[in-house]
Amino acid sequence: MTSGIPLPLALPADAAGWTGFATTRQDDRLAAVRAVDDRLRAGSDLSGTARLDLWNDAAIALDEVLSESYLLSEAHPDSGIRSAAEQRVQAAESLAAERAVDRGLWRALADIDAAQLDPSETRLLQHALRDFRRAGVELDDAGRAEAQRLAERDTELSLTFSRNVREGRREIRVAPEALAGLPQDFIEAHPVGDDGLVVLTTEYTDLMPVREYARDRATRLALVGAYNDLAWPENETVLADLLEIRAQRAALLGYADWAEYETETRMIGSGAAIPEFLTRLAEASGPAALREHDRLLARLRQDEPDADGVTTADFWYLISTVKREEYAVDAQEVRSFFPFDRVLPGVLDVTGRLLGLEYTPVDVATWHEDVRSYDVLRDGERIGRIHLDLHPREGKYSHAACFPLAPGIAGRVLPEGVLLCNFSRGLLEHDEVITFFHEFGHLVHYILGGVDARFAAFTGFETEWDFVEAPSQLLEEWAWDAEVLASFTRGPDGGPIPAELVARMRTADAFGRALEVSRQLGHANVSYHLHVDRPADLQAATEHWYRVSSPVRPVPGQHPYAGFGHLTGYGSCYYTYQWSLVIARDLLTGFAHGLMDPDAAARYRDEVLRPGGGRDAADMVEAFLGRPFAFDAYRAWLAGG
């Protein structure tokens with residue numbers, strides 16, 4: 001250790017090491033949490049600061065168990081390690097639920113004289129006592145036991161739901177001619193089998209190109225249909241049970257419904273505000289969405305004269321087709337400028353220049369040979385480490401997300417974060433480049449927010465959950481800037497993507513924007529209403545909310561809720577993505593002198609990213625913008641600005 005900076009994790013290099021890492025290491029930490037709790041309960045003579053330091057010690061250990069175990073459960077190639085890690089997640093969440101209703105721990109904190117604390121300690125105490133109350137610590141003995149049981153059951157069901165999605169990969173087989181319209185490199189990567197058919201899977205590397213390029217509507221319908229039925233029927237009863245458990249938890253704790261419980265700690269403030277917010281978005285986007293749908297339907301009828309509506313299996317294909325025919329933006333031409341081996345260093349270079357960081361490759365042991373690891377340096381000093389696991393494989397998390405690995409604590413724990421994505425090893429779609437920037441936004445937020453953190457409760461991106469997407473959504477904008485893209489793209493002729501093509505891409509991007517918002521409203525309505533309305537027929541209710549939210553129709557009879565992974569973590573609050581997008585569009589106005597403006601970037605880094613959760617999100621945004629955030633920039637963006 002040098003200059004007070006802690007060392008990074010030393011991950012195992014062999015199978016035996018990983019077994020111990022996933023089991024004994026985590027079990028020992030959970031035992032250490034219990035030992036710290038014993039000291040805290042017995043520490044009536046301790047000062048308030050000393051009690052909070054003990055509380056923080058336990059929180060760090062618990063966070064480390066959860067971070068390492070969640071990651072391994074989603075990424076390790078050995079199913080036995082994944083299973084062992086999942087068991088430790090359950091054990092850690094069970095301990096967290098037990099601690100949350102422990103009156104001895106609660107009393108140790110409730111008796112603290114807040115007048116003796118500094119502002120950060122006061123904030124920690126307020127949040128901890130709030131969380132005790134929300135867990136049910138003030139209930140009688142039977143009530144506390146039931147609250148703990150329900151919380152543990154919530155975790156168990158959520159883990160099962162996620163595992164079923166992760167392991168639910170599906171395949172379809174199609175005739176070779178069904179690949180008409182797909183890029184040549186895709187066709188070459190999907191040879192005809194002995195049965196004369198081509199195998200397509202629900203992994204993103206197949207799904208995204210097929211739904212965008214396949215001219216054969218039946219092929220699109222078949223693969224999108226298989227994707228929409230991921231983890232069904234396995235997750236049918238799992239989700240029904242999860243919704244029931246959450247309703248029981250809310251009632252026991254004195255909340256009208258699960259949305260009221262979840263939103264108490266979020267920027268939006270109440271469950272009732274969710275449908276109000278979604279209605280506002282629907283009113284803002286609805287007329288334009290209808291006009292865009294009519295244009296897509298007219299184009300669809302050129303190929304399918306009897307089509308009576310645009311479905312989710314048509315949406316991406318038609319958007320791409322209209323952009324090619326009417327805006328001179330050919331997605332296959334665009335992707336030719338984004339080979340993966342240029343995009344990866346490009347994202348590192350752009351974010352490094354923007355935020356004053358360097359990423360130095362390090363040759364260290366990880367859980368899979370695909371993983372690339374980098375030390376994150378600021379002014380030559382290591383402040384964190386990142387691990388990029390970017391390609392699909394069997395048993396791995398099947399979407400794109402940032403996972404904590406080590407919660408940053410100043411002088412104690414070096415922040416480490418992980419990206420789990422599923423990108424092609426060849427050419428990337430521009431949408432995938434946007435996704436890369438988005439997820440990297442989470443990653444740098446996690447690292448920078450952990451450098452100066454004293455308390456685990458406020459490290460990394462431990463902010464209000466309906467703000468946490470804003471920094472990642474903001475960084476997406478860099479994937480649309482011609483100068484930024486020119487710095488790392490290379491096309492077939494060796495040159496960067498032309499600025500005039502990027503300009504056409506930006507113009508074309510405005511088309512379909514309102515329809516995409518309406519699709520997001522569908523996800524948000526499903527998320528909210530499944531939790532609040534508690535329908536007996538999940539399939540019918542889900543299809544209903546998708547139908548009334550967007551002119552783009554769901555394919556009837558399918559079960560997308562079974563594979564809707566956000567229903568576990570985001571619960572009733574998928575509205576978060578649009579709420580934070582409102583903030584992200586406003587944050588962008590702070591870069592009035594260009595996306596690489598060093599002064600704006602430094603203020604953004606220091607006012608929004610580095611504080612982690614140490615300040616309320618609204619205050620951080622106001623510190624950067626010089627005013628409270630507003631809806632105006634989002635409205636202008638929705639209108640094509």
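**Figure 1. Helix 18 gives the most to the lining of the largest cavity.** Its share is three residues. The model shown is predicted. Helix 18 spans 470–475. Pro 471, Leu 474 and Leu 475 are among the residues that line the largest cavity. About 70 Å³ of space lies inside.

**Figure 2. Four helices each supply at least two residues of the lining of the largest cavity.** They are helix 16 (340–355), helix 17 (430–451), helix 18 (470–475) and helix 25 (598–609). Leu 354 and Leu 355 are part of the lining. So are Gly 441 and Val 444. Tyr 604 and Leu 609 also line this cavity, as does Trp 478.

**Figure 3. The lining of the largest cavity has no charged residues.** Nine of its residues class as nonpolar and one as polar. The polar one is Gly 441. Leu 354, Val 444, Pro 471 and Trp 478 are among the nonpolar ones.

**Figure 4. The second largest cavity holds about 50 Å³ of space.** The search of the whole structure finds two cavities of 30 Å³ or more. Met 208, Arg 211, Glu 212, Trp 316, Glu 429 and Asp 431 line the second largest one. Helix 9, residues 204–213, gives the most to this lining, with three residues.

**Figure 5. Four charged residues help line the second largest cavity.** These are Arg 211, Glu 212, Glu 429 and Asp 431. Two nonpolar residues, Met 208 and Trp 316, complete the lining. Polar residues are absent from the lining of the second largest cavity.

Technical notes:
Residues are numbered from 1 along each chain as its sequence is written. This is a predicted model: local features need pLDDT of at least 70, side-chain atom pairs count only at pLDDT 80 or more; totals for chains, interfaces and linings use all residues. Side-chain values use heavy atoms; hydrogens and water are left out. On a 1 Å grid over the protein atoms alone, a cavity is a set of points where a 1.4 Å probe fits but cannot get out, and a pocket is an open set with protein on both sides within 12 Å along at least five of seven lines; lining residues have an atom within 4 Å of a point. Grid points are joined across faces, edges and corners, and a volume is the space filled by probe spheres set on the points.
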